[in-house]
Protein chains: 4
Amino acid sequence: MSIFELRESNLRGYSRIYPTVFDKAINAKQIDENGKEYLDFFSGAGVLNFGHNNPRMTSAIIDYIQGNGVLHSLDMSTTIKRQFMEKFEEVVLKPRDMPHRMQFVGPTGTNAVEAAMKLARRVTGRQEIVAFHHGFHGMTLGSLAATANSYFRGAAGVPLNHVRHQPFGCITRCHGCHSECGLNTLKQLADQYNDSSSGIDKPAAFLVEVIQAEGGVNIADPAWLSALQDLAREVGALLIIDDIQAGMGRTGSFFSFDDYDVDPDIVCLAKGLGGVGTPIAMNLVKPEHDDHWNPGEHTGTFRGQSLSFVAGGVALDYFTDPALMDQVKRYHDIMMQHLSPMHSLPSVQVRGKGMMIGIDIGDGDKAKEVVKQCFEHGLLLGACGTGGRVIKLIPPLTIEEDNLHEGMGIVVSVLANVLEAV
Amino acid sequence: MSIFELRESNLRGYSRIYPTVFDKAINAKQIDENGKEYLDFFSGAGVLNFGHNNPRMTSAIIDYIQGNGVLHSLDMSTTIKRQFMEKFEEVVLKPRDMPHRMQFVGPTGTNAVEAAMKLARRVTGRQEIVAFHHGFHGMTLGSLAATANSYFRGAAGVPLNHVRHQPFGCITRCHGCHSECGLNTLKQLADQYNDSSSGIDKPAAFLVEVIQAEGGVNIADPAWLSALQDLAREVGALLIIDDIQAGMGRTGSFFSFDDYDVDPDIVCLAKGLGGVGTPIAMNLVKPEHDDHWNPGEHTGTFRGQSLSFVAGGVALDYFTDPALMDQVKRYHDIMMQHLSPMHSLPSVQVRGKGMMIGIDIGDGDKAKEVVKQCFEHGLLLGACGTGGRVIKLIPPLTIEEDNLHEGMGIVVSVLANVLEAV
Amino acid sequence: MSIFELRESNLRGYSRIYPTVFDKAINAKQIDENGKEYLDFFSGAGVLNFGHNNPRMTSAIIDYIQGNGVLHSLDMSTTIKRQFMEKFEEVVLKPRDMPHRMQFVGPTGTNAVEAAMKLARRVTGRQEIVAFHHGFHGMTLGSLAATANSYFRGAAGVPLNHVRHQPFGCITRCHGCHSECGLNTLKQLADQYNDSSSGIDKPAAFLVEVIQAEGGVNIADPAWLSALQDLAREVGALLIIDDIQAGMGRTGSFFSFDDYDVDPDIVCLAKGLGGVGTPIAMNLVKPEHDDHWNPGEHTGTFRGQSLSFVAGGVALDYFTDPALMDQVKRYHDIMMQHLSPMHSLPSVQVRGKGMMIGIDIGDGDKAKEVVKQCFEHGLLLGACGTGGRVIKLIPPLTIEEDNLHEGMGIVVSVLANVLEAV
Amino acid sequence: MSIFELRESNLRGYSRIYPTVFDKAINAKQIDENGKEYLDFFSGAGVLNFGHNNPRMTSAIIDYIQGNGVLHSLDMSTTIKRQFMEKFEEVVLKPRDMPHRMQFVGPTGTNAVEAAMKLARRVTGRQEIVAFHHGFHGMTLGSLAATANSYFRGAAGVPLNHVRHQPFGCITRCHGCHSECGLNTLKQLADQYNDSSSGIDKPAAFLVEVIQAEGGVNIADPAWLSALQDLAREVGALLIIDDIQAGMGRTGSFFSFDDYDVDPDIVCLAKGLGGVGTPIAMNLVKPEHDDHWNPGEHTGTFRGQSLSFVAGGVALDYFTDPALMDQVKRYHDIMMQHLSPMHSLPSVQVRGKGMMIGIDIGDGDKAKEVVKQCFEHGLLLGACGTGGRVIKLIPPLTIEEDNLHEGMGIVVSVLANVLEAV
């Protein structure tokens with residue numbers, strides 16, 4: 001028995017899905033200890049937008065370390081943090097006229113969400129947060145209450161209170177959904193808030209992903225998201241967008257909501273923000289809300305991760321030159337073209353934006369089989385959505401074009417094989 | 001105005017305490033952008049046991065990166081993770097006959113604590129966790145309920161339920177405390193559990209630090225901790241030791257409880273475990289409890305941090321050779337000798353173990369002044385304890401001896417200055 | 001100042017609405033200490049279905065007391081309790097083939113509801129109860145969580161958890177409502193329960209009034225109520241009908257749901273059950289659920305109220321002879337005829353069943369004025385619904401016909417006066 | 001099978017303990033349908049302080065009913081309520097200089113406690129209530145959280161939050177207890193409140209019985225109760241005394257705390273307050289706290305129970321003449337004398353005040369056997385305390401002296417029989 005079987009927790013998951021031992025990785029490839037190469041359409045759960053060991057980033061990191069740059073600083077001021085913040089302001093905030101401040105938290109998405117929930121509660125003096133069906137926001141007790149999946153919720157061991165779960169647009173799986181349906185649901189919610197005898201309190205915030213990644217690659221209807229923001233404003237609640245997985249270029253623009261008509265009060269970022277997979281998490285918070293924080297009220301040891309500032313700073317360069325974002329759009333079309341045969345299958349739905357594409361095959365067991373066979377054919381990908389029935393394709397944005405074609409070829413042939421076998 | 005003032009959240013804390021911009025760091029020194037050197041008796045809040053930019057670690061990291069080692073892997077198996085796990089088993093677990101499994105979680109201490117709380121609740125089917133006055137376990141909603149400090153608790157915005165806070169040994173500040181007092185408190189608690197009409201439910205776990213670091217450098221009485229474990233066994237609860245700040249050699253041995261007669265069911269580790277300050281967190285869990293986890297029930301993107309495995313693996317070498325741990329004991333004596341004049345001051349209490357020493361001056365405002373003057377004299381340190389009245393000294397274990405003397409000299413002269421000024 | 005002003009709590013309400021001191025009462029009249037007579041269209045908040053001091057009841061009570069019958073017995077067996085139970089079985093349960101057991105609780109509606117919630121949670125092992133907008137179920141912490149009105153909820157002082165509030169049929173005020181709308185809402189709820197990633201747990205019970213009395217005289221659509229029961233069965237939840245105000249003949253039959261196609265698992269009764277206004281509360285519980293109770297798990301001192309058994313037993317006689325229930329239907333028509341001019345007013349909606357009729361004038365301030373002027377004209381009635389905008393008419397079922405005409409005349413003329421005045 | 005077996009809920013308790021059907025009752029006797037007489041040392045769980053069918057009360061009730069007095073009035077003003085309030089002010093409040101207002105609530109003790117908890121939370125803006133081990137305060141969700149017994153708590157089905165349970169004086173069973181021990185516990189609690197890092201919030205109120213009746217006839221130490229009041233004042237919390245079972249003369253004075261040095265902010269009354277067993281509950285509330293109520297925020301249908309005002313008014317006459325209270329003291333001595341042989345038994349402890357006496361035999365099964373044999377010998381009494389190990393003697397205060405002797409004779413001989421049998 002290996003050390004993993006002998007000594008790693010029963011909790012481990014991916015090592016069962018990908019039963020090999022990885023050793024090296026470069027851009028869209030992971031190589032195991034036997035030298036077998038795998039195409040990576042999983043990107044470390046959406047972290048590695050810029051590829052494994054992106055050479056511009058690793059070289060910057062090595063330089064930084066060799067210069068004895070401060071590696072760990074909590075929330076002290078450092079030159080590398082200043083450099084990151086200034087670049088982020090220049091590249092991301094200023095062009096969008098975003099007045100938001102940067103709040104660094106413990107370097108996990110769940111910590112960003114927890115901090116956002118705290119602040120919304122503080123600002124409004126209210127307790128309830130509205131989250132959405134199929135939403136995923138983390139595993140710690142506060143964010144877990146906002147996470148919809150019952151498998152994760154079942155591990156809490158205590159009641160998960162103070163969050164109300166609402167439909168993400170239409171209530172049902174999105175065959176034949178239309179804006180109207182989602183808008184009606186929000187109107188009903190508005191009625192409930194305006195009725196002092198509904199038994200429902202006005203919320204502190206609405207916490208929403210623009211694209212639900214773990215939830216099954218569900219894309220918010222633009223009219224619905226605007227109406228949600230209107231409702232938030234109307235009832236005095238904050239709008240929090242969790243852009244942890246869909247942000248940082250994944251959908252063809254820095255934020256997943258850049259082509260939506262929204263102005264979120266808080267944006268939660270993590271995953272791809274650190275460039276190469278070193279941890280970082282950051283909330284963008286409007287000053288008028290941020291002023292409600294007292295110094296050090298929400299802390300965390302690993303808030304000041306210099307390597308993430310280094311590599312994350314390099315990552316920001318991809319947003320000053322249109323090349324990569326243009327490539328994302330082109331690659332989107334390539335992926336969709338490969339998947340076009342799927343459209344004729346009634347039980348399959350393909351949806352996605354930029355380089356996050358979901359293939360909903362409506363059956364978790366089959367999806368598991370797809371993942372397994374892809375692995376055997378040298379392709380790493382994962383399943384998401386209710387019961388794990390959606391195949392999620394999130395290759396690095398920087399993948400070589402031939403690798404993209406090759407990977408898509410495997411996906412399509414395995415899908416054909418598995419779906420036919422029925 | 002700097003970018004920090006313009007664009008960083010009002011939440012920031014340490015940048016106010018240390019009003020400069022740090023640039024480089026090596027072992028026990030941080031250097032700001034003006035070239036001013038500071039002795040570091042703070043170690044990034046107890047992370048940098050092996051010094052800033054420990055050269056053995058940075059060189060291993062650079063090698064790893066240059067070899068395109070996998071940087072980020074969630075809980076996939078990797079060669080570097082195997083290497084870390086095998087070394088951890090060899091160096092830490094086997095010599096202690098610890099059957100525990102390693103459970104990697106989101107790379108923050110709070111995530112480790114949340115996972116431990118979930119598991120204890122799952123194993124026992126109970127909800128209440130007992131935590132202790134002055135305990136610090138994190139900022140996310142589950143661990144925050146176990147954190148005692150009202151300043152942090154006040155930011156939750158919702159009630160913090162399902163945790164019961166009990167005295168850490170004696171109820172009161174430890175002048176004239178004695179074992180008897182703490183033992184009596186546990187006997188009373190046992191009575192409450194055994195009385196079906198006490199209104200108090202049997203707990204899922206006792207969650208305790210052996211040395212409360214943030215809580216004011218309070219050291220558990222050995223007899224009390226043993227009795228606590230007995231109580232846990234008696235009522236069918238788990239004993240969870242949070243060794244996040246006090247572990248990894250800080251007290252002169254790998255675990256802070258190595259010289260206690262305890263056998264914890266779960267040990268939470270983070271901070272120093274990654275060697276140079278890159279994030280990692282891990283729980284050690286007994287197999288019979290670990291088996292209650294279902295795969296992937298508690299997840300986290302950044303669970304597989306290879307740089308932390310690399311540097312953390314190097315750190316483990318310090319525990320195969322007695323040199324560093326011997327040095328910790330010698331340095332402890334040096335620090336105590338410097339502080340011996342304090343013993344004559346009735347309002348001051350010095351306590352500590354290994355290289356975590358607290359100087360309780362009983363007054364948070366004065367402690368703040370001490371920190372400020374030390375900073376001005378080129379020494380970084382922090383305050384802890386109720387109202388921040390305890391000066392905490394936690395230099396890197398690897399500090400040069402003359403730096404240690406120099407720093408202690410500053411501490412003592414500033415203390416004299418501030419305390420006299422009263 | 002009177003003793004009421006000097007020494008009664010600021011909490012008092014009705015004594016402000018009816019600023020006089022009542023002395024005597026007989027059937028539909030209350031007489032104040034100055035001899036002024038008031039017609040009573042309020043019936044002690046729906047308690048006095050059979051009139052004040054119903055002579056058949058008072059005479060039976062006097063006989064019982066003169067014979068030294070046990071007055072107070074907790075849940076000991078008594079001859080008078082047996083008599084009541086046997087009659088209840090004969091008159092109410094057997095004709096409907098109801099297998100339910102009688103569970104006597106603390107003699108208040110809220111206690112009945114609390115007991116029902118406990119049992120549903122016990123039976124299902126689930127925590128969440130679904131209650132409905134505008135529902136009213138009591139003031140103690142468990143039932144208050146199910147009560148919708150924010151004025152009452154605001155007095156709790158702690159979060160009201162473990163209850164989910166849903167639309168009572170259609171979400172909005174019932175102009176132009178139709179079955180379809182309410183049924184869709186239930187379908188959506190079913191979808192949420194069937195989706196393991198909705199974030200919503202299956203409930204222990206649905207707790208519903210067939211006619212929401214305090215909520216504004218809202219009548220459940222029969223198709224909706226049947227569908228609600230189907231949903232309950234489908235998800236393994238109990239259906240609890242709170243018939244505390246609408247039951248005991250108020251709507252023209254013993255239960256308010258007698259002409260609905262429902263088979264509730266638990267029915268909560270109180271108010272009119274005791275005949276003359278002495279307290280009693282009782283749940284009807286199906287044996288297969290009732291078996292989950294352990295003896296004495298839910299207790300209450302005043303469970304065995306003999307005077308309520310005496311007068312309540314007399315009250316049951318009204319249900320063995322069709323006369324009174326026929327009269328209720330006839331009186332309903334008389335009341336509606338008086339109110340027919342209201343139909344031409346666009347802002348007014350009249351709704352009701354049997355002798356519970358609500359006049360929704362859409363404005364709480366005007367409704368308050370109506371109540372005030374009616375009082376001045378010698379008529380007692382109350383307002384209900386969101387913001388108190390619905391005038392509720394619930395005279396004793398036994399009212400003399402000329403008193404009914406007289407009272408309705410006052411209502412209509414005051415309404416005309418107040419609504420015109422705008 | 002009888003109707004009780006066929007149709008009464010499995011929840012029923014006392015009908016199993018006293019397996020007969022009672023028919024009539026007069027003073028300290030209950031007579032079953034076969035004419036068998038039972039001496040009543042149970043008094044309807046402490047309700048019937050003035051005996052069954054007290055003739056002064058029943059005659060006043062009959063007069064009132066025959067005069068068509070208002071029977072049910074919610075919180076309208078009535079002549080009979082005025083009469084009761086004026087007499088209560090005269091007899092109870094004025095002689096004690098109590099400025100308290102009378103707040104009538106739903107006519108159960110639990111409703112009084114729930115209202116008190118709400119008000120304390122409102123007044124202080126805090127959530128936590130401190131209640132005590134072995135305390136009993138009711139079965140609805142708010143008061144149940146304050147009730148200590150795990151059998152009752154286990155029926156809640158949801159977590160019981162926002163109440164902290166503390167030792168009632170000494171932590172342990174009261175052999176060899178002393179004031180010091182209880183006072184130390186309060187000092188520790190004060191330390192916890194004064195330590196901002198204890199993790200424990202300052203409470204809204206302390207909710208305490210002066211004699212824990214259901215909890216096992218535990219009598220508060222006067223020094224402890226005074227210190228508790230001091231602590232309440234110091235931390236800005238209210239002191240709520242639940243005098244529901246021990247009040248109304250049971251201990252030889254109107255309030256159980258008349259000979260204590262306390263000035264409670266709220267006193268909860270119910271049970272004996274209505275004289276003959278018709279329901280009523282009332283809180284006494286200091287005006288400065290009462291002013292925090294908004295009208296009608298806490299309601300209840302059966303708040304205005306005229307028969308309870310009638311009989312309760314008669315009951316107040318017993319407190320204008322010293323005869324009955326003197327008799328209580330004399331009867332206490334008689335009871336104690338009968339029990340004096342118990343003192344020699346090491347496993348038995350007799351404790352009590354006035355006419356509430358508990359015989360703690362340390363074993364619930366034996367206590368059950370005592371109750372059973374007493375019943376067979378024609379004596380009704382009940383067990384209380386943890387596991388039901390305390391025999392509680394609470395005969396009507398008005399019992400005939402020979403009945404008292406006779407009943408005590410049965411108690412002592414059955415006790416001897418059961419205890420010897422071991």
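**View 1. L141(A), beside the rotation axis of this predicted model.** Look for L141(A) here: of the residues of chain A, this one comes closest to the rotation axis. Its C-alpha sits at 2.6 Å from that axis.

**View 2. Chain A laid over chain B.** Turn chain A by 180 degrees and it superposes on chain B, with an RMSD of 0.0 Å. The shift along the axis comes to 0.0 Å. That's the relation of a two-fold axis. Both copies use the same surface, too: 100% of the contact residues of chain A turn up again in chain B.

**View 3. The two domains of chain A.** Domain 1 of chain A is pieced together from 3-53, 322-365 and 379-420, while domain 2 runs over 60-317. Their C-alpha centres are 24 Å apart. Where they touch, domain 1 of chain A puts in 28 residues and domain 2 of chain A puts in 23 residues.

**View 4. The side of domain 1 of chain A that touches domain 2 of chain A.** Several elements of chain A each supply at least two residues here: the helices α3 (43-46) and α13 (323-339), plus the strands β14 (349-353), β15 (356-360) and β18 (390-393). Which element gives the largest share of this side? That would be α13(A), with 5 residues.

**View 5. What kinds of residues domain 1 of chain A brings to that contact.** The side of domain 1 of chain A that touches domain 2 of chain A is a mix: 12 residues are nonpolar, 11 are polar and 5 are charged.

Methods. Residues numbered from 1 in each chain as written. Chains lettered and ligands numbered in written order. Predicted model: local features only at pLDDT ≥ 70, side-chain atom pairs only at ≥ 80, totals over all residues. Least-squares fit on C-alpha atoms with pLDDT ≥ 70 in both. Contact = placed C-beta atoms within 7 Å. Domains from an automatic or database assignment. Helix = DSSP H or I, 4+ residues; strand = E, 2+ residues; numbered from the N terminus. Nonpolar A, V, L, I, M, F, W, Y, C, P; charged D, E, K, R; others polar.
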